Amino acid sequence: MNKIRIGTRGSKLALKQAALVQEALRKVYAGLETEIVVIRTKGDRIQDRPLSEIGDKGVFASELERALQEETIDLAVHSAKDLPVALAAGQVIAAVLPRGDVRDVLVTPKGGRVPSPKSGGVGEGKAFAAEKSEKKEEAAAAAEGFVIGSGSRRRCRQAEELWENVVCENIRGNVDTRLQKLISGNNADTAREETRYHGIILAKAGMDRLDLISRQGELFDFRPLPPEVFLPAACQGIIAVEALRDSSAALLCREITDAETALCFLVEREVLSTLSADCSEAIAAWCRRDGERLTLDVMYAGKRTRLVSEAEPEAGLEMARQAAVFVKEKKFERR
């Protein structure tokens with residue numbers, strides 16, 4: 001192929017991820033011509049409702065998959081955690097790039113309130129320790145509740161388990177839009193017209209790709225959450241490249257895929273498949289490799305388990321299926 005058309009959503013983060021795929025291809029195939037094609041998805045068009053009300057994961061993928069089928073693009077770039085469990089017929093994940101940071105991050109206005117850890121909660125002593133204030137007015141404010149902007153059932157469930165008096169309110173939009181809503185809701189001049197969020201939760205990998213912490217460090221405090229306590233979404237931090245099966249573009253992508261990330265991607269997706277995961281449950285899956293072993297943490301509707309297997313595909317897939325069954329049948333360990 002002389003030219004590869006790379007389809008992507010139009011947000012800053014999506015464009016950055018597409019550029020990373022473009023760069024990876026150019027490193028392997030000198031002189032390869034590429035073009036980034038922006039496609040507006042249903043999830044981008046509808047911003048006033050939670051994802052769970054408009055189709056959840058498929059709202060960010062279906063239009064890109066249709067463009068592949070119609071051959072108006074050759075590759076579709078996704079945040080892997082946004083992919084539906086089943087891909088469109090005749091399409092495959094042709095590559096995954098090296099995984100970014102899997103952690104979620106609690107973002108609050110600079111010097112603003114932080115939630116109080118819940119005594120005896122999940123991961124007590126492992127998550128960040130909230131700064132405790134002796135001021136009576138701040139203690140009183142904390143008793144009224146800490147509002148987190150998030151429409152993710154996974155994030156809300158874990159936030160409620162980890163911190164006292166947490167209330168989750170839906171928030172939509174790209175990263176910059178969410179940060180603006182966080183500031184507006186805490187500004188005395190605009191707070192009457194905005195939902196008042198005390199914090200929002202964002203994925204660290206996306207923040208890193210946008211260089212957000214260094215750019216916005218004067219306005220916000222960023223507190224990464226330990227992934228063994230605040231479990232990430234399945235495939236969080238992974239950039240996935242979709243293509244038509246056996247197409248020339250798919251064959252080219254073999255050279256840019258990261259083997260370790262691909263294995264963890266496979267295992268975490270198997271958890272979702274076994275659970276028939278949809279937007280009605282709080283689900284997390286985090287697989288990582290340590291030498292010749294794989295470790296997998298899974299959460300399903302608040303129930304958790306951890307399993308270990310050999311670091312090879314069949315063993316990892318079997319581990320994923322076992323973990324899914326354990327949490328679904330309430331055979332879980334709470335740490």
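**Note on salt bridges, ring contacts and packing**

1. The side chains of aspartate 297 and arginine 288 form a salt bridge, with N and O 2.7 Å apart. Aspartate 297 and arginine 288 are both buried. The model is a predicted one, and the distances below should be read as computed from it.

2. Arginine 288 has a further contact to note. Its charged end sits over the ring of tryptophan 286, 3.5 Å from the ring centre. Arginine 288 thus appears twice in this note: in the salt bridge with aspartate 297 and over the ring of tryptophan 286.

3. How many salt bridges does the structure hold? The count is 19. One of them joins glutamate 35 and lysine 3, whose closest N and O atoms are 3.0 Å apart. This pair links distant parts of the chain, since glutamate 35 belongs to strand β2 (residues 33-38) and lysine 3 to strand β1 (residues 3-8), with the two positions 32 residues apart in sequence numbering. Glutamate 35 counts as partly exposed because its relative accessibility is 33%. Lysine 3, at 34% relative accessibility, is likewise classed as partly exposed.

4. Lysine 204 and aspartate 101 also form a salt bridge, and here the closest N and O atoms are 3.8 Å apart. Lysine 204 lies in helix α8 (residues 204-209) and aspartate 101 in the loop between β4 (91-96) and β5 (104-109), so this salt bridge ties together parts of the chain that are 103 residues apart in sequence. On which side of the burial cut-off do the two partners fall: buried or partly exposed? Lysine 204 counts as buried because its relative accessibility is 11%, which is under the 20% limit. Aspartate 101 has 21% relative accessibility and therefore counts as partly exposed. The pair belongs to a network of salt bridges that links Asp101, Arg103, Lys204 and Asp208.

5. There are 2 aromatic pairs in the structure. One of them consists of phenylalanine 220 and phenylalanine 222, with ring centres 6.3 Å apart and an angle of 55° between the planes, and is classed as tilted. Phenylalanine 220 and phenylalanine 222 are both buried.

6. Strand β4 is mostly covered, 5 of its 6 residues being buried. It pairs with strand β10 (residues 239-244) in the antiparallel sense, over 5 bridges. Within this arrangement, glutamine 91 stands opposite leucine 244 of β10.

7. Helix α11 (residues 259-275) has 17 residues. From its first C-alpha to its last it reaches 25 Å, close to the 24 Å expected at 1.5 Å a residue. Its buried residues include Leu263, Phe265, Val267, Val271 and Leu272, and among them are also the charged residues Glu268, Arg269 and Glu270. Against what do the buried residues of α11 pack? They pack against β4, β10, β11 (283-290), β12 (293-300) and α12 (313-328). After α11 comes serine 276, with a positive phi near 50°.

8. Two other residues deserve a check of their backbone angles. Aspartate 211 is not a glycine, yet has a positive phi of about 55°; aspartate 211 is placed in the loop between α8 and α9 (212-216). Cysteine 235, also not a glycine, has a positive phi of about 70° and is found in the loop between β9 (220-224) and β10. Their surroundings are classed separately: aspartate 211 counts as partly exposed because its relative accessibility is 44%, whereas cysteine 235 counts as buried because its relative accessibility is 1%.

9. Leucine 75 is in strand β3 (residues 75-79). Its relative accessible area is 1%, so leucine 75 is buried. Which residues does leucine 75 contact once its neighbours within four places in sequence are left aside? Among them are Ile4, Arg5, Ile6 and Gly7, together with Leu25 and Leu68. The list also includes Val241, Glu242, Ala243, Ala249 and Cys253. Leucine 64 lies 11 residues from leucine 75 in sequence, and the two are 8.8 Å apart in space, C-alpha to C-alpha.

Technical notes. Residues numbered from 1 in each chain as written. Predicted model: local features only at pLDDT ≥ 70, side-chain atom pairs only at ≥ 80, totals over all residues. Heavy atoms only, no water. Salt bridge = Lys/Arg side-chain N within 4 Å of Asp/Glu carboxyl O. Helix = DSSP H or I, 4+ residues; strand = E, 2+ residues; numbered from the N terminus. Buried < 20%, exposed > 50% of the residue type's maximum accessible area, 1.4 Å probe, protein only. Phe/Tyr/Trp six-rings, centres within 6.5 Å; stacked < 30°, edge-to-face > 60°. Lys NZ or Arg CZ within 6 Å of the ring centre and 35° of its normal. Pairing = 2+ DSSP bridges. Expected span 1.5 Å × (residues − 1). Contact = heavy atoms within 4.5 Å.
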